[in-house]
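This report concerns side-chain contacts and backbone features in one protein structure. Please keep the sequence and the structure in view while reading.

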Amino acid sequence: MEHRHHHSCTHCACNNPILTLLKDELFSPENFAALPTTKIAAKKEQAQAFMVTGGTIRPMINGSVETVPAIGFADGYVVATGTEEQVYAFMQENHPGFLSRELQEGNTLLPGLIEPHVHLVPTAMLMGWTDLGGFDNQDLRQDYDIASVSSIIKKAVANLKPDQWFLGAGLDPALMPLQKDNTELITIDIDLLDSITVAAPVLIISASMHTLYLNTPALQLVWNFPGNLELLNTYSSFNDYRSKTKGQLQQAAEMNPALKTIPPPQKAAMFLEAFVNLKTIFDTANARGVTFMYDAGMNNTLKAMLEAYLAVNTGTVRIGAAQVCDTIDDAKKLPKFQIKPGYEDIYLSHVKVITDGSNQGLTAYQSEPYLCKPDNNYGIYNYGGKYDQMPQHPPLDFKALMEIIIREKGWPVMIHANGNLAVQFAIQALKDSIPAPAEGIRHRIEHCSLTTQDDLNTMKQLEVSPSFLIGHVGYWGYAFQEAIFGEKSSMLDLCNSALQKGMRITLHSDNQVSPLGPLRMMEQSITRRMEADPERGILNVAECITAEQGLTAITYDAAWQCYAEQWTGSLKVGNFADFVVLEQDPLTMKRPYMNMRNIGVLETWVAGSLVYGSTVSEEVSIV
């Protein structure tokens, strides 16, 4: 696959090119005016105080996996934990008429699970496009290859209305069968797409979001679109445009003309459908035991969309966020950081800075080139300017940005850094910007994919914690090992090393890059099996962690990393009654591989109300 990397390249879920380049069209006042405004009545399943006994109850207080015999809830909060007699007496005295419920043997009550790095509105907008990704729920699609993708495209094209484009999302060459004795990713270009169909314009965004793929009818429309005359003036003719791009459009200058040319009704539909798709995201999260999500790329327009959604729909997950800040001007506009004393929807507690791209998209910034084509590809770095496109040290503009965010404004920063050189730059800039680790300031490195022991030692000294996109191991590990990195793959997601150094870690999906599912992420951190490997090999067995450590990473430590442990992440007295009831205990599962992710989520509760699962009225009795 040909890559032509430049600055301003859009390359991952943390920086969605569609929302960036079409911001004014998608988030127009007219589109916001068309959104629903009538509040949908909430369904309340449990208004009365109640206590729970039986089964296994792990409140995860202070991150401990110890069990308690009973727990009491009232008014949306945890009000008591302890022995059955203690909780019963407390409830009888303080909440007379409470309900009592006994879990079945094996059922397990845990704090609600946490997704500490997702992208809500961008994911919702692309859900209206045809899914060409490599996932079937939380598993890799069987027989995911260009033939199966071709079949999906042909069926969808046959149902298009006149003048509609086929819009596809999630195409991932790194999850398709490897080529040339497992040394190359499949090349997707205009000739390949033309061989699938020329009956309609085809535009597809890759899973890593750094590339648009177009067939000839789509590229011809882009060439002929009046608004693109000046944007495409570097090409002498359509044939020159087609020959030089091969239908692979990568940086903003290349992607913008294509996105502008999409028919206006389809662009408008993206915005309106996103409103509906947000509910699907939250419903899926609840079905997988999630009660809290942290959006890792918030800005004012995305926040406005979420606020419009919550004005109509009762929230079934709690939402925190990091404010994207890419420039010095952005940083200067930040207020001084203050820790929120209490929960509010879409609260902000980090500043997000995106420094490089995606490992599987071959755009993460590396100290040595990727093994697969194109030759001499080191990825991209978003700072340094046109005079320093391959920096060997943290660029001055990046360091200056960190200085303002951290020193002047006092904000915790979460830095998107995937490639090993990008991680090293992030660590060095943090080291330069943090005069001394400040108590309560929780800096994070997101993905933090390729690290050394020295990197982790320095992060620990700085009190900087990693959040791992653990699907890099489970889903893409085989492609990394065989075609992309080789031996360097052993540097991926050093979960156990980080824990042994006394660091707190979290696991995230970066949804939509990988599917929602903390239990799946916990499983992948425990087993580290490469799911695309025919032999299901383990990637760096020394980095496997225990089930107890994995559970802490998706509950208490995830809440801590998101400045939320004072109200969620554990079921200590005073915290929200946000919890999940599982069919079995993940800590006692004998064979977690491909099983832990499928543990049945029986019920999910937020603020003492049932948001997923069967009604429990038949299982409770008035005391």
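The sections below treat aromatic pairs, salt bridges, one buried acid, one helix and some backbone features.

The model is predicted: local features need pLDDT of at least 70 and side-chain atom pairs count only at pLDDT 80 or more, while totals for chains, interfaces and linings use all residues. Residues are numbered from 1 along each chain as its sequence is written, and side-chain values use heavy atoms, with hydrogens and water left out.

**Aromatic contacts**

Rings of Phe, Tyr and Trp (its six-membered ring) pair if their centres lie within 6.5 Å; planes under 30 degrees apart count as stacked, over 60 as edge-to-face and the rest as tilted. The structure holds 33 such aromatic pairs. In one of them, the ring centres of phenylalanine 73 and phenylalanine 579 are 4.5 Å apart and the planes lie at 10°, so the pair is stacked. Phenylalanine 73 belongs to strand β2 (residues 70-74) and phenylalanine 579 to strand β20 (residues 579-582), so this pair ties together parts that are 506 residues apart in sequence. Helices (H or I, at least four residues) and strands (E, at least two) are DSSP runs, numbered from the N terminus. Buried means under 20% relative accessible area, exposed over 50%, and partly exposed in between (1.4 Å probe, protein chains only). Phenylalanine 73 has 1% relative accessibility and counts as buried; phenylalanine 579, at 1%, also counts as buried.

Tyrosine 88 and phenylalanine 98 form an edge-to-face pair, with 5.7 Å centre to centre and 75° between the planes. Tyrosine 88 lies in helix α4 (residues 84-94) and phenylalanine 98 in the loop between α4 and β4 (99-111), so the pair ties together parts that are 10 residues apart in sequence. Tyrosine 88 is partly exposed, with a relative accessible area of 36%, whereas phenylalanine 98 is buried at 0%. Elsewhere, Tyr77, Phe292, Tyr294, Tyr343, Tyr347, Trp567 and Phe576 form one aromatic cluster.

Rings also meet charges. A charge sits over a ring if NZ of Lys or CZ of Arg is within 6 Å of the ring centre and within 35 degrees of the ring normal. Arginine 504 lies over the face of tryptophan 560, 4.4 Å from the ring centre, and the charged end of arginine 529 sits over the ring of tyrosine 593, 5.8 Å from its centre.

**Salt bridges**

A salt bridge is a side-chain nitrogen of Lys or Arg within 4 Å of a carboxyl oxygen of Asp or Glu. The count by this rule is 21 salt bridges, including those tabulated here.

| Residue | Partner | N to O distance |
|---|---|---|
| Arginine 58 | Aspartate 585 | 2.5 Å |
| Aspartate 194 | Arginine 242 | 3.0 Å |
| Glutamate 463 | Lysine 460 | 3.9 Å |

Arginine 58 lies in the loop between β1 (50-57) and β2, and aspartate 585 in the loop between β20 and β21 (601-606), so their salt bridge ties together parts that are 527 residues apart in sequence. Both arginine 58 and aspartate 585 are buried. Glutamate 463 is partly exposed, at 43% relative accessibility, as is lysine 460 at 27%. In addition, a network of salt bridges links Asp139, Glu523, Glu531 and Arg597.

**A buried acid without a salt bridge**

Which side chain of opposite charge is nearest to aspartate 356? Lysine 488 is the nearest, at 9.6 Å, and aspartate 356 is buried yet has no salt bridge. For charge, Lys and Arg count as positive and Asp and Glu as negative; His and the chain ends are not counted. The side chain of aspartate 356 reaches the backbone nitrogen of tyrosine 365 at 2.9 Å. Aspartate 356 is located in the loop between β15 (347-354) and α14 (396-408).

**Helix α16**

In helix α16 (residues 453-462), the residues Asp455, Leu456, Thr458, Met459 and Leu462 are buried. They cover an arc of only 160° around the axis, which puts them on the same side of α16. The arc is that of the directions from the helix axis to the C-beta atoms. On the other side of α16, Asp454 and Gln461 are exposed.

**Backbone features**

Lysine 373 and proline 374 are joined by a cis peptide bond, with omega about 5°; proline 374 is placed in the loop between β15 and α14. Cysteine 448, a residue other than glycine, has a positive phi near 45°. Cysteine 448 lies in the loop between β17 (444-447) and α16 and is buried, with a relative accessible area of 0%. Arginine 536 likewise has a positive phi, of about 55°, although it is not a glycine. Arginine 536 is partly exposed, at 34% relative accessibility.

Key:
Polar contact = N/O pair within 3.5 Å; in protein donor to acceptor, adjacent residues only side chain to side chain.
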